[in-house]
Amino acid sequence: MARSSDPGTQRQMSLDLLPSALVATVMTKLDIGSIRSLACTCKAFHSCASHMLRFIPSFHLLDIAPSAELLRPLLPPNPYLHSLKVDCTRLDDSSLDYLLQPTLQELCLHKCADFSGRLLSQVGQHCKDLRFLYLSSLAEKRGRSIDVSDLEVLFGGCTQLETLILMFDVSMFLRHNFARVWAIAPATLLSLEVGYISSVMVTELLSPPVIPYQSMEHIRPSILPGIQKLCLSVDYITDTMVSTITTNLNCLTHLDLRDSPIMEPRLAFDLTNAGIQQINLHGRLKHLSLVRSQEIFPAYFKRVNDLGILLMADRCSDMESICLGGFCQVTDTGFRTILHSCAKIYKLRIYHGPHLTDLVFHDIAATSLTLTHVSLRWCNLLTNHGVTRLVSNENLSVLDLRDCRNIGDEALRTISNLSKLKALLIDGSDISDMGLSHLSKGAISSLVSLSVRGCKRLTNNCISFIFDESSNCELRELDLSNIPNLSDAGVLLLAKRRIPLFELRMRQCPLISDTSIMVLASMKVDEEGWYGSSLRLLDLYNCGGITQLSFQWLKKPYFPRLRWLGVSSYVSRDVLDALSRNRPFLHVGFHGEELGTTDQWDNTDNLYMHDYDEVDELEQWLDGENEGDDEAIQEAENIA
């Protein structure tokens with residue numbers, strides 16, 4: 001048989017000759033991202049990857065929202081599958097037969113709005129070995145309550161469950177028998193997180209049941225006796241609820257409570273000094289978060305003052321993380337008590353502290369604290385002097401000073417000395433271009449995430465100062481939103497630096513136009529890379545100069561890895577539909593919503609923890625590398 005002289009043919013033949021068992025063995029060591037990358041290189045690897053889907057131990061697909069038709073062949077019966085994470089935006093109950101496999105130990109189903117409560121019972125019936133369950137937005141589009149019997153079947157079937165995260169409104173469960181069902185929750189349950197539940201339901205849920213004709217001396221069984229982590233979003237944080245939690249959950253080490261009142265709470269529905277001193281009755285708590293959000297109504301914890309914090313601090317000497325939000329009556333005395341009483345604390349977050357001043361950190365250098373994460377949002381009395389004292393903690397890796405309006409260039413001068421700083425958020429501060437120049441002399445070499453949103457004094461020159469050619473920049477996430485003097489010239493400077501940004505936010509910048517999109521689409525991080533290849537998120541919401549013409553630059557092959565795009569609502573629906581056909585896995589936001597945020601709980605710790613793929617092979621795999629509707633956008637623009 002004659003040998004082919006074509007090197008490409010020889011290379012293809014050599015891959016075909018590789019034993020499939022050998023290739024499969026190698027692929028079993030890879031995650032789904034690496035397997036899908038191999039699948040696009042040649043037919044041999046594509047065939048083996050398809051076969052490997054029956055053997056891989058984990059399948060994680062959260063960066064896109066696949067349809068049932070696309071996902072079904074990717075999830076054949078797999079006796080080795082232990083972990084499944086999927087964005088279920090385009091799925092419903094009809095997908096349960098291939099999603100719920102009996103060997104699963106970890107199951108994360110995001111955005112389950114089209115599913116019914118039946119999902120819970122089906123998980124209990126089919127996933128008996130489950131240890132970790134995450135469900136978000138369950139039945140939100142169906143507009144009806146969830147039968148509590150579905151939850152009962154879940155608990156009866158998943159007897160080894162350790163972590164349960166229900167990121168939806170559990171008040172959709174019929175209240176009748178809701179508390180009773182939790183009495184049969186697995187004794188193995190260690191962590192519980194709930195997206196929303198009323199404080200009354202929490203109290204009923206955690207209160208041991210009263211059995212008729214039973215003497216008061218009889219010890220009633222505890223509900224959720226092994227719970228160590230409890231995260232709840234409620235209507236009101238009250239003394240009764242806090243007392244019930246701390247009294248009945250003896251093993252609690254992590255407590256996260258947040259509320260968002262729709263009106264000013266009455267005394268019976270509020271947290272007071274009497275309630276907050278009940279925190280950590282058993283002395284095991286390591287992480288505490290009490291936050292009152294002003295998202296709906298400007299309500300605060302007005303019945304807790306320095307005395308309540310002093311009484312709480314007596315039991316918190318072993319605390320490692322504290323977050324307090326909305327304590328408007330607490331002054332420097334209370335906050336300093338925390339710093340001086342909790343010698344092991346490394347994470348400190350204080351939101352809406354109107355009485356917090358520089359004095360809190362006046363003698364922080366004299367303590368043994370080793371702070372790594374600090375967030376002081378909406379603390380408007382904090383100045384450069386206080387920040388200078390704070391950054392004496394040289395191990396800081398996350399510093400959040402958003403909406404501290406008295407922070408200026410002098411603070412950036414001291415922050416630049418933090419060699420381990422990974423995330424810096426200084427939105428709405430009084431910094432200038434020259435202030436950012438300090439970062440290029442130090443902290444920029446370690447920074448991965450930087451946000452200067454709403455810093456009105458900044459101009460295009462800030463780009464040159466941030467990305468000094470002489471500095472070694474590791475920045476991957478940049479927020480330049482709401483800067484009125486930022487224009488296309490600044491974006492051009494950014495493109496010339498060839499920084500491989502993953503996330504770029506420039507919302508509400510009136511001088512940003514179509515030119516910026518063309519510049520970013522044409523930018524190459526390196527000579528061998530794709531145009532605009534690094535960006536995963538681009539937020540251009542309400543930018544004054546963006547028109548429908550720029551959408552030609554948002555289609556393939558430009559921005560091949562783009563997953564999130566923010567645009568203004570005035571863009572023609574025909575243009576958006578054409579873009580959707582061209583890029584079916586692109587999340588487009590046009591109502592001003594924040595992009596890329598999927599977790600209700602505070603995620604500032606993970607600002608720089610994203611793991612991005614090098615190229616967008618999965619979309620090619622799912623689409624079969626179809627050319628798409630390249631002319632549709634142009635046609636829609638002509639119609640518009």
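The following paragraphs describe the overall make-up, internal cavities, one helix pair and selected residues of a predicted model.

The protein comprises 23 helices and 20 strands, and of its 640 residues 55% count as buried. Among the contacts in the protein with a separation of 6 or more, 77% are accounted for by residues that stand 24 or more positions apart.

Five cavities of 30 Å³ or more were counted in the model. The largest cavity has a volume of about 90 Å³, and of the 13 residues that line this cavity, Leu249, Leu252, Asn280, Leu281 and His282 are the closest to its centre. By class, the lining of the largest cavity divides into seven nonpolar, five polar and one charged residue. The second largest cavity, for which the computed volume is about 40 Å³, is lined by Leu192, Ile197, Val202, Leu205, Leu206, Leu230 and Leu232. Two elements, helix α10 (199-206) and strand β7 (229-234), give two or more residues to the lining of this second cavity, and the largest share, three residues, comes from α10. In the lining of the second largest cavity there are seven nonpolar residues, with no polar and no charged residues, whereas the lining of the largest cavity includes five polar residues and one charged residue.

Attention was then given to the packing of one pair of helices. In general, two packed helices are described by the angle between their axes and by the distance between the axes. Helix α2 (residues 20-27) packs with helix α4 (residues 43-52) at an angle of about 65°, and the axes of the two helices are 10 Å apart. The crossing in which α2 passes α4 is right-handed. On the α2 side the contact is formed by Ser20, Val23, Ala24 and Met27, and these residues meet Phe45, Cys48, Ala49 and Met52 of α4. The residues of this contact divide into seven nonpolar and one polar, with no charged residue.

Backbone geometry was examined next. As a general rule, most residues other than glycine have a negative phi, and most peptide bonds are trans. Trp378, although it is not a glycine, has a positive phi of about 60°; this residue lies in the loop between β12 (373-377) and α15 (384-390). Because its relative accessibility is 31%, Trp378 counts as partly exposed. A positive phi is also found at Asp403, a residue other than glycine, where the value is near 65°. Asp403 is placed in the loop between β13 (398-400) and α16, and it has a relative accessible area of 14%, so it is buried. A cis peptide bond, with omega of about 10°, joins Lys556 and Pro557, and Pro557 belongs to the loop between β18 (537-539) and β19 (564-566).

Three further residues, one in a loop and two in strands, illustrate the local surroundings of individual positions. Lys422 is situated in the loop between α16 (409-415) and β14 (423-425), and because its relative accessibility is 31%, Lys422 counts as partly exposed. The C-alpha atoms of Lys422 and Ser445 are 9.2 Å apart in space, while the two residues are 23 residues apart in sequence. A sequence separation of 23 residues also applies to Asp256 and Ser233, for which the C-alpha to C-alpha distance is 8.3 Å. Asp256 lies in strand β8 (residues 254-259), and its relative accessible area of 8% falls under the 20% limit that defines a buried residue, so that Asp256 is classed as buried.

Arg505 lies in strand β17 (residues 503-505) and counts as buried because its relative accessibility is 13%. When residues up to four places away in sequence are not counted, Arg505 touches Arg453, Leu478, Asp479, Leu480, Ser481, Leu537, Asp539, Glu594 and Leu595.

Conventions:
Residues numbered from 1 in each chain as written. Predicted model: local features only at pLDDT ≥ 70, side-chain atom pairs only at ≥ 80, totals over all residues. Heavy atoms only, no water. 1 Å grid on protein atoms, 1.4 Å probe; cavity = no way out; pocket = protein on both sides within 12 Å on 5 of 7 lines; lining within 4 Å. Points joined across faces, edges and corners; volume = space filled by probe spheres on them. Nonpolar A, V, L, I, M, F, W, Y, C, P; charged D, E, K, R; others polar. Helix = DSSP H or I, 4+ residues; strand = E, 2+ residues; numbered from the N terminus. Axes fitted to C-alpha atoms, helices over the stretch in contact; angles between N-to-C directions. Left-handed = near helix turned anticlockwise from the far one by under 90°. Contact = heavy atoms within 4.5 Å. Buried < 20%, exposed > 50% of the residue type's maximum accessible area, 1.4 Å probe, protein only.
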